[in-house]
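The following exercises are intended for a reader meeting this structure for the first time. Each task is followed by a solution in steps.

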Amino acid sequence: MQQVLDVLIISTKAFFGPLAVFYALMAIGLNVHFGYTGLLNFGQIGFAMLGGFGIAISVTTYGLPFVVGVLVGLLAAVLFALLLGLPTLRLRADYLAIVTIAAAEILRLLFRSVSATPITGATRGLSGFSGDFYALSPFETSARYTILGARWSGRELWVVSVGWTLVALGCLAVWLLMRSPWGRVIKAIREDEDAARSLGKNVYAYKMQSLILGGIFGALGGMIYALATSSANPDQYQSANTFLAYAALILGGTARVLGPVIGAMIFWFLLAFTESGLVELTGADGIIPPEILSSTDVAQIRFVLVGLGLMTLLIFRPQGIFGDRREVMLDAR
Amino acid sequence: MLRRFVAVVVLGFAALLTVLSGQASAEGEQIIGTLQTGRSGPIEGVTITVETTGGDEVGTDQTDSDGRFAIELPDGAGDYVVTLDADDLPDGVILREGGAERRITVGANRTQPVAFGIGDGSLRQASANIEILQRTLEGIRFGLLIAMAAVGLSLIFGTTGLVNFAHGELVAIGAVIAWFLNVDAGIPLIPATVAAIALGAVVGAINELGLWRPLRNRGTGLVAMLVISIGLSLALRYVLQIVFGGRARAYVSFQGQSATSYGVIRITDKDLFSIALSLAVLILVALMLQKTKVGKAMRAVADNRDLASSSGINVDRVILFVWMLGGALATLGGVLFGLSDQVSWDMGFQLLLLMFAGVVLGGLGTAYGALVGSLIVGIFVQVSTIVIPDETKYVGGLLLLIVILVVRPSGILGARARIG
């Protein structure tokens with residue numbers, strides 16, 4: 001019984017944890033791209049990486065203040081969006097998908113290459129950039145707080161509070177934008193690009209604005225992630241993470257303001273639940289014999305489940321939990 | 001090229017160590033070193049200056065005919081800055097990374113060796129052309145390998161409109177099946193590959209029959225299918241990691257072959273075989289597309305599905321055949337990649353992006369475009385390692401993808417209408 005309780009406590013912590021914030025922010029960005037505009041951005045993790053490394057490189061490598069690092073990260077995300085959008089936004093949706101995933105991989109390969117060591121720390125990454133951020137914390141960073149049975153350090157509480165504040169502001173921004181004329185044009189582009197164009201709207205410019213906006217959310221997510229782990233390592237930003245964010249988004253419901261947020265929370269609850277549950281089950285006195293699944297394989301199971309979950313959702317319930325089937329942009333080319 | 005430079009620098013270190021062993025017992029503190037490269041031999045007459053960290057000069061020396069220098073340190077142990085006057089270096093000899101300045105700490109009664117990284121620039125000039133030839137050959141091998149995997153990807157797109165992000169996993173599954181047959185079951189690689197190709201075709205067929213055909217019949221949209229293929233790719237990739245393990249591993253057969261020289265170019269037998277085999281297979285595929293009934297049907301379906309269907313072509317059967325062909329070719333590509341590099345659980349994803357680059361470069365949906373595009377990407381990736389580090393070589397291929405979309409989005413052989 002105690003074990004079941006432990007598993008529940010760990011999962012509840014994951015429900016609110018920094019990873020849920022990270023994926024919620026990435027998914028909010030993807031919601032702007034995919035849910036509202038119909039852009040298939042498969043390189044959201046690249047934006048997150050620019051955000052995280054924006055702070056890390058500015059502070060650790062060049063000794064700039066923390067605030068400058070945040071600005072650098074956001075600026076880098078905007079530039080990245082422009083770079084990706086220029087060649088692809090005039091083309092069909094799948095070209096953007098291919099280019100974004102390739103660009104995110106290019107960034108990761110460049111950041112982890114030996115020749116980039118003086119700037120990005122290559123495969124060892126960078127650390128020691130979060131001091132200024134934690135100095136702002138109202139919580140005692142070394143103290144421990146117990147909430148709902150889970151133990152949180154002051155640092156974690158601070159990251160999570162900043163993170164959820166950002167998520168709330170982000171949702172508010174998306175909500176306001178989507179009920180503005182701008183949001184209506186964006187949704188019109190998702191439904192029928194040619195119709196929007198024939199009404200005199202500059203579709204290309206609107207798509208670009210949407211790509212930039214969503215990319216900024218991705219960068220903010222990456223910053224929270226880097227601050228929460230106090231390190232920035234290129235290999236933390238694998239392409240697969242983009243699809244975890246997609247899974248969270250589609251689970252919650254695309255084209256819904258709170259869809260990505262609730263999706264990310266439930267998603268991390270489920271992941272932490274299955275993972276810590278599997279660890280218990282495959283452990284020393286577990287039920288599953290190691291020939292079938294050893295405890296070292298549990299980390300991979302996460303991705304297998306996410307992949308299968310993504311497929312199942314799209315096949316049987318593409319609108320997710322809260323979505324509206326009519327608003328889900330999935331049959332267009 | 002880089003390797004040769006390292007060798008030169010290491011030679012410098014070796015020379016320095018011999019000096020060290022002769023003088024290690026000397027009284028007082030001293031800084032010593034030797035300047036020489038593989039081709040130029042010892043370098044004479046280069047001024048070396050030692051300063052304290054505060055900038056006060058402690059001593060200076062010029063290298064002798066053996067390229068050696070030695071500077072006494074009257075101030076004793078401490079931190080020093082050793083500077084080499086780069087203007088004194090003879091033509092063709094250049095400073096490598098690290099520059100002309102070294103900060104060192106000298107312990108009490110130590111003779112402290114200092115190494116400057118210097119390389120023989122003239123060496124680079126002489127062999128650059130051969131290097132390009134050599135890399136082009138490797139690029140052709142790599143490009144043909146990508147092409148084999150990519151033909152299936154392009155044909156699947158052409159016939160069904162699906163951009164299959166799980167195509168890389170077909171490559172990896174094939175290579176892993178061959179690995180288990182070769183290493184665990186002890187079957188020689190060639191029969192193991194033949195068996196794996198048959199199984200790869202079956203995997204392709206399962207893909208079509210178990211997933212994509214039912215989805216098409218349900219009327220699932222293309223964007224949804226694209227995301228589903230991503231989900232499939234994630235699930236398969238990490239199942240592979242569980243089954244195969246996280247490390248990259250090699251086949252037992254054909255290991256440690258040394259390269260044979262053909263004039264100025266050196267190539268191993270297995271690489272030569274790989275080129276010949278891929279060429280033969282690709283020519284067969286082209287002949288099949290051009291001459292046989294099923295090949296013509298494939299092109300017809302790719303061109304206009306409804307028209308093909310109304311002309312009496314069984315579209316579903318043609319698509320099934322495309323998937324089987326794609327699975328088989330991907331497997332062969334995977335085995336050849338495993339032979340030249342190694343088999344790993346995530347090789348599919350690495351190759352997938354290069355396949356995309358090749359396919360988009362040639363024109364999405366055209367079989368011959370995939371071939372030409374992949375070949376260009378392969379050569380570009382390998383030749384680019386002359387100027388960029390080996391570990392970032394895939395970056396070049398992916399950048400090429402972005403550039404081609406700016407310049408000519410329909411690709412080299414693609415029709416303008418396809419990009420819509």
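**Exercise 1: A residue in chain A**

A:Ile321 lies in the segment that follows α14 (298-316) of chain A. The model is a predicted one.

*Task.* Determine whether A:Ile321 is buried, exposed or partly exposed, and state which residues it contacts beyond its neighbours within four places in sequence.

*Solution.*
1. Count the other C-beta atoms within 10 Å of A:Ile321: there are 15.
2. Apply the cut-offs: a residue is buried at 20 or more such atoms, exposed at 12 or fewer, and partly exposed in between.
3. A:Ile321 is therefore partly exposed, because 15 other C-beta atoms lie within 10 Å.
4. Set aside the neighbours within four places in sequence; A:Ile321 is then in contact with A:Leu251, A:Gly252 and A:Gly253.
5. For a further distance, take A:Phe217, which is 104 residues from A:Ile321 along the chain: the two C-alpha atoms are separated by 22 Å.

**Exercise 2: A helix of chain A**

*Task.* Compare the span of helix α1 (residues 2-16) of chain A with the span expected at 1.5 Å a residue, then identify its buried residues and what covers them.

*Solution.*
1. Helix α1 of chain A has 15 residues, and the distance from its first C-alpha to its last is 22 Å.
2. The expected value is 21 Å, to which the span of α1(A) is close.
3. The buried residues in α1(A) are A:Val7, A:Ile10, A:Ser11, A:Lys13, A:Ala14 and A:Phe16.
4. To read such a list, recall that an α-helix has 3.6 residues a turn, so residues three or four places apart point the same way.
5. The cover over the buried residues of α1(A) includes α2 (18-37), β3 (150-153), α8 (154-178) and α13 (259-282) of chain A.

**Exercise 3: Two sheets of chain B**

*Task.* Give the strand order and the pairing of the open sheet of four strands and of the open sheet of three strands in chain B.

*Solution.*
1. Chain B contains twelve helices and 13 strands.
2. Strands of a sheet pair through backbone hydrogen bonds, either parallel or antiparallel.
3. In the sheet of four strands, the order is β5-β4-β7-β9 (chain B) and the pairing is antiparallel. Its edges are β5 (57-62) and β9 (101-106) of chain B, each of which pairs on one side only. From one strand to the next, the twist averages 25°.
4. Within this sheet, β4 (residues 47-52) and β7 (residues 78-84) of chain B run antiparallel and are joined by five bridges. B:Val50 stands opposite B:Val82 in β7(B).
5. In the sheet of three strands, the order is β6-β1-β10 (chain B), with mixed pairing. Here β6 (68-72) and β10 (111-113) of chain B are the edge strands. The average turn between neighbouring strands of this sheet is 20°, direction ignored.
6. Strand β1 (residues 30-34) of chain B pairs with β6(B) over five bridges in the antiparallel sense. B:Ile31 has B:Ile71 in β6(B) as its bridge partner.

**Exercise 4: The contact between the chains**

*Task.* Describe how many residues each chain brings to the contact and which helix of chain B gives the most.

*Solution.*
1. The contact takes 41 residues from chain A and 35 residues from chain B.
2. On the side of chain B that touches chain A, α5 (222-244), α10 (347-362) and α12 (393-407) of chain B each supply at least two residues.
3. The most come from α5(B), with 15 residues.
4. By class, this side of chain B has 29 nonpolar, five polar and one charged residues.

How values were computed
Residues are numbered from 1 along each chain as its sequence is written. Chains are lettered from A and ligands numbered from 1 in the order in which they are written. This is a predicted model: local features need pLDDT of at least 70, side-chain atom pairs count only at pLDDT 80 or more; totals for chains, interfaces and linings use all residues. Two residues are in contact if their C-beta atoms, placed from the backbone, lie within 7 Å. Ala, Val, Leu, Ile, Met, Phe, Trp, Tyr, Cys and Pro count as nonpolar, Asp, Glu, Lys and Arg as charged, and the others, Gly among them, as polar. Two strands pair if DSSP finds at least two bridges between them. Axes are lines fitted to C-alpha atoms, for helices over the stretch in contact, and angles run from 0 to 180 degrees between N-to-C directions. The expected span of a helix is 1.5 Å times one less than its number of residues.
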